[in-house]
Amino acid sequence: MSCRTMPNVAPHPAAEMVAASAPGEVRIVAFLCNWCSYAGADKTGMNQLPVPAEVSVVRVMCSGRVEPTLILETFQKGADGVMVLACHPGDCHYKEGNLRAFCRAELLERMMPQLGVDPARFYFDYVSAAEAEKFSQVTNDFVAAVRGLAGTDSGR
Amino acid sequence: MNKQPRTAVILCTCSGIISEKIDWDAVQAQLAEHPDKPVVTTDELACGAENLEKLAAWLKEHQPERVVVAACSPREHERTFRGLLASAGINPYYLQMINVREQVAWVTADPGEATRKAARLIGAALKRVRHHQPLVERHVPVRTDVAVIGAGPAGIQAALTLARAGRRVTLIEKEPFFGGMPVRFEELFPNLECGPCLLEPGMGELLHGPESEHIELLTLTEVTEVKGSFGNWQLSLRQQPRYVNPELCIGCMVCAAVCPERRENPWNCGGELAAVDGPFVGALPNLPHVDAARCLKLNGQECGACLAECPVEGALDFGDTIRDSVVEAGAIIVATGAEELPVAPPAFAGKDNVFSAYSFERLLAMTGPSGGELVKGDGAAPASLAIVQCAGSFDDAVTYCSGTCCQAALKYAHIAAAKQEGLTVTRLVREQVVAGVNAARLFSHDHSQVVRYGGLGDLTVAETDRGRVIVCGSNGAEVPADMIVLCGPTVPGQGTTQTARLLELGVDDAGFIAPIHALSGSFLSPLKGVYLAGTCRGPGDIREAFASGTAAAGVALSELVEGRDLTVDPQVAVVAAEQCAGCKSCIRVCPYKAISWDDATKTADISDILCRGCGTCVAVCPAGAITAQGFSRAMLRAEIEGVLS
Ligand code: SF4
Ligand code: SF4
């Protein structure tokens with residue numbers, strides 16, 4: 001597959017995005033694919049491992065469904081951080097959607113500074129259906145990292 | 001959508017498991033203030049059979065247009081609650097589930113935080129369901145007959161299994177005879193069973209048994225085009241002329257005996273055939289076929305020797321022509337097989353008495369070029385035999401081990417030594433893999449010398465005063481090698497490569513057809529209704545071929561059932577033709593080849609039968625022309641807005 005099949009990048013009014021974050025707790029949106037990372041999040045629950053309440057999960061069938069514009073919109077709507085968690089390479093239920101997601105994530109991270117959003121507010125990773133501990137870990141780490149970023153009105 | 005549809009919210013306590021963390025009373029109080037005015041109920045155990053009945057009655061009473069269920073993971077009970085909606089007369093796709101058990105109650109320590117999060121997610125669901133569309137499952141009739149491409153052991157086994165269940169099968173074989181590779185092997189690993197004896201009962205059954213009514217065997221036939229999809233495939237076939245009428249020919253082979261023209265026998269890797277002949281004695285179907293390139297009569301010369309002697313009027317038919325046809329089938333089983341790497345390593349290329357594994361099989365066979373005698377090209381018996389294993393494996397071109405060459409080498413060593421007393425047999429190995437209980441027996445009775453070598457570059461062939469030897473550079477070993485057998489790697493057969501291309505199936509690094517999952521779905525291609533059997537999936541032995549042939553037939557039987565229509569999941573992607581910009585990006589990215597190009601309208605079109613709803617095309621479409629039903633942009637936006645507000 002090629003990483004060059006990503007024409008779907010519409011310009012966005014960048015400046016308002018971060019400013020839109022409201023005072024109070026940080027707000028994180030995590031896009032999880034139905035087959036691996038969402039199942040992993042379920043397993044996190046079964047193992048009673050902590051996930052920060054600030055993380056809101058949006059379930060999609062495949063991480064390959066999440067286009068960069070949707071992520072940028074999510075920032076625009078006030079998210080302090082966005083996560084996309086995909087199946088591990090080779091494990092995608094739909095063969096290679098996760099790799100497309102990865103390619104898009106790479107591109108997005110490179111674009112973000114130009115749009116006025118700190119790339120540290122975006123997190124892409126692979127979480128399998130079995131990786132309860134990893135899901136707990138990455139969500140906690142990411143929330144902590146976003147809380148520490150300038151411009152995030154946390155802890156007030 | 002401006003008007004908020006009447007929405008019902010069901011809050012499940014999960015027998016107290018959820019309500020231990022989440023205060024549903026507080027949430028219910030909050031929902032009472034919600035501008036959308038949802039009707040709300042709390043249930044002890046919403047998935048319970050009795051509870052579902054009560055909830056259905058409650059829904060019927062309130063007649064909501066949308067339903068939000070806050071309970072466990074949709075991966076567990078989405079189907080259950082879709083069923084609940086259906087039983088209450090509500091479109092099942094008006095449901096949105098919120099996973100408050102696994103993803104809120106069980107992962108949030110503080111009850112206050114858990115309750116706030118649950119309320120937030122419910123708020124988001126209320127926004128999302130506004131955009132839900134009533135989706136309807138479509139039912140499509142499917143054909144239950146099956147096309148099997150390739151009539152080796154895997155294809156034969158698949159065809160017989162299907163025919164025994166009463167299915168009609170078209171078995172397509174490009175050679176003039178069938179049985180694949182092992183029918184040409186005299187003895188099989190590990191118990192030295194006779195290959196034709198193992199296969200012929202099934203082949204006979206296929207040709208003449210009660211199942212033959214259900215099976216149409218087409219030899220000399222190749223697939224030229226495949227159209228359609230699961231349940232309704234159309235295969236275009238091209239059958240080369242045999243110039244022999246199978247209905248009339250009695251297989252006496254008088255024609256071959258009187259034919260004056262000779263050609264090389266490609267199936268025996270040696271020896272000759274008449275221009276009208278069978279590939280080898282015992283090949284089935286027992287019919288000669290005419291090589292049009294060599295037949296004198298077909299090339300404008302005065303002949304007709306065969307016609308003059310044939311005892312059956314009309315059995316030879318020089319008016320035969322190429323036949324094109326279309327066969328329709330509900331499923332396709334690909335059993336196109338593998339072959340040995342066709343090139344000999346440079347150190348051995350062009351040398352006398354060097355055999356590939358396949359040509360050595362034929363040399364050992366009674367029906368082979370020497371009638372089963374172990375003889376060199378000059379007709380003399382060899383004093384020594386060197387079998388080079390891994391001949392091409394673990395190399396730059398072929399990095400893998402085929403897993404069957406050690407088996408073959410042990411077998412050759414054993415048979416050759418038995419055929420000729422005093423024969424010096426040496427196996428040159430890089431690695432040895434002889435797994436399995438039966439294999440161990442042959443291995444432990446192996447009397448050949450074993451010499452390890454480092455790589456093919458290490459080996460040279462030299463003439464000495466003691467005869468020909470293979471010199472192993474790294475350790476100086478000199479292996480007597482009157483006769484040399486190269487056990488090369490197994491690579492995809494020509495038919496496999498061609499079929500993969502026709503069906504646009506992905507292949508692995510070696511060119512074998514990639515299954516949908518290497519472990520759990522090795523008989524399934526990613527294309528629904530295309531199943532895989534035998535060595536088109538990778539190197540394997542005969543046992544594997546039988547097993548996978550049975551398995552592929554089993555999958556076909558379970559997926560294509562008489563009277564059971566195909567239910568098409570409506571949660572697929574659809575293209576709004578008027579918005580399509582015609583860039584074809586979606587066609588390139590769809591992992592299931594579900595998108596085709598409509599040349600008339602110059603737009604992309606998605607087959608709901610093939611689409612699996614991943615949404616990859618949605619994300620890639622620059623025109624925003626594609627909607628993933630059930631996960632539309634509007635739904636996701638509403639949900640995102642909801643969790644952020
Ligand atoms: S990606 Fe969109 S615009 Fe391009 S062909 Fe497909 S549907 Fe049409
Ligand atoms: S949703 Fe996935 S499977 Fe369906 S057409 Fe789009 S890319 Fe293909």
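**Close-up views of a predicted two-chain model**

Leaving out neighbours within four places in sequence, Ala315(B) touches Tyr243(B), Val244(B), Asn245(B), Leu248(B), Cys249(B) and Cys310(B). Everything in these legends comes from a predicted model.

**View 1. Ala315(B) in its loop.** Ala315(B) sits in the loop of chain B that runs between helix H9 (305-309) and strand E17 (323-329). With a relative accessible area of 4%, Ala315(B) is buried. One of its contacts is Tyr243(B), and that residue has a quirk: its phi is positive, about 65°, although Tyr243(B) is not a glycine. Tyr243(B) belongs to the loop between strand E12 (232-239) and helix H8 (254-258) of chain B, and at 10% relative accessible area Tyr243(B) is buried too. For a sense of scale, Ala315(B) and Ala124(B) are 77 Å apart from C-alpha to C-alpha, with their positions 191 residues apart in sequence.

**View 2. Thr41(B) on its strand.** Strand E2 of chain B, residues 39-43, is where you'll find Thr41(B). Is Thr41(B) buried or exposed? Its relative accessibility is 18%, and the cut-off for buried is under 20%, so Thr41(B) counts as buried. Beyond its neighbours within four places in sequence, Thr41(B) is in contact with Val9(B), Ile10(B), Leu11(B), Gln28(B), Leu55(B) and Trp58(B).

**View 3. Two cis prolines in chain B.** The bond between Phe189(B) and Pro190(B) is a cis peptide, with omega about 0°. Pro190(B) falls in the loop between strand E8 (187-188) and strand E9 (193-194). The second case is the peptide bond from Leu284(B) to Pro285(B), also cis, where omega is near -5°. Pro285(B) is likewise a loop residue, placed between strand E15 (276-277) and strand E16 (289-290).

**View 4. The shells of the two ligands.** Around ligand 1 there are 13 residues, and the closest are Cys580(B), Cys583(B), Lys584(B), Cys586(B) and Cys621(B). That shell splits into ten nonpolar, two polar and one charged. Ligand 2 has 14 residues around it, with Cys590(B), Cys611(B), Cys614(B), Gly615(B) and Cys617(B) as the closest. Here the split is ten nonpolar, three polar and one charged.

**View 5. Lys593(B) and its backbone.** Lys593(B) is not a glycine, yet its phi is positive, at about 55°. The residue lies in the chain B loop from helix H15 (585-589) to strand E32 (595-598). Its relative accessible area of 39% makes Lys593(B) partly exposed.

**View 6. Where chain A meets chain B.** How much area do chain B and chain A bury between them? About 3800 Å², with 55% of it on carbon and sulfur atoms. Chain B brings 42 residues to the contact and chain A brings 48. There are four salt bridges across the interface. Zooming in on side chains, Glu73(A) and Arg637(B) pair up in a salt bridge at 2.7 Å, N to O.

**View 7. Chain A and Glu67(A).** Chain A has five helices and four strands, and from the N terminus they go α-β-α-β-α-β-α-β-α. Of its 156 residues, 60% count as buried. Glu67(A) is one such buried residue, with a relative accessible area of 1%, in the loop between strand E2 (55-60) and helix H3 (68-76). Glu67(A) and Ala105(A) are 38 residues apart in sequence, but their C-alpha atoms are 9.0 Å apart in space. Across chain A, 81% of the contacts with a separation of 6 or more are between residues 24 or more positions apart.

Conventions
Residues numbered from 1 in each chain as written. Chains lettered and ligands numbered in written order. Predicted model: local features only at pLDDT ≥ 70, side-chain atom pairs only at ≥ 80, totals over all residues. Heavy atoms only, no water. Near = heavy atom within 4 Å. Nonpolar A, V, L, I, M, F, W, Y, C, P; charged D, E, K, R; others polar. Helix = DSSP H or I, 4+ residues; strand = E, 2+ residues; numbered from the N terminus. Buried < 20%, exposed > 50% of the residue type's maximum accessible area, 1.4 Å probe, protein only. Contact = heavy atoms within 4.5 Å. Buried area = accessible area lost by both parts, 1.4 Å probe.
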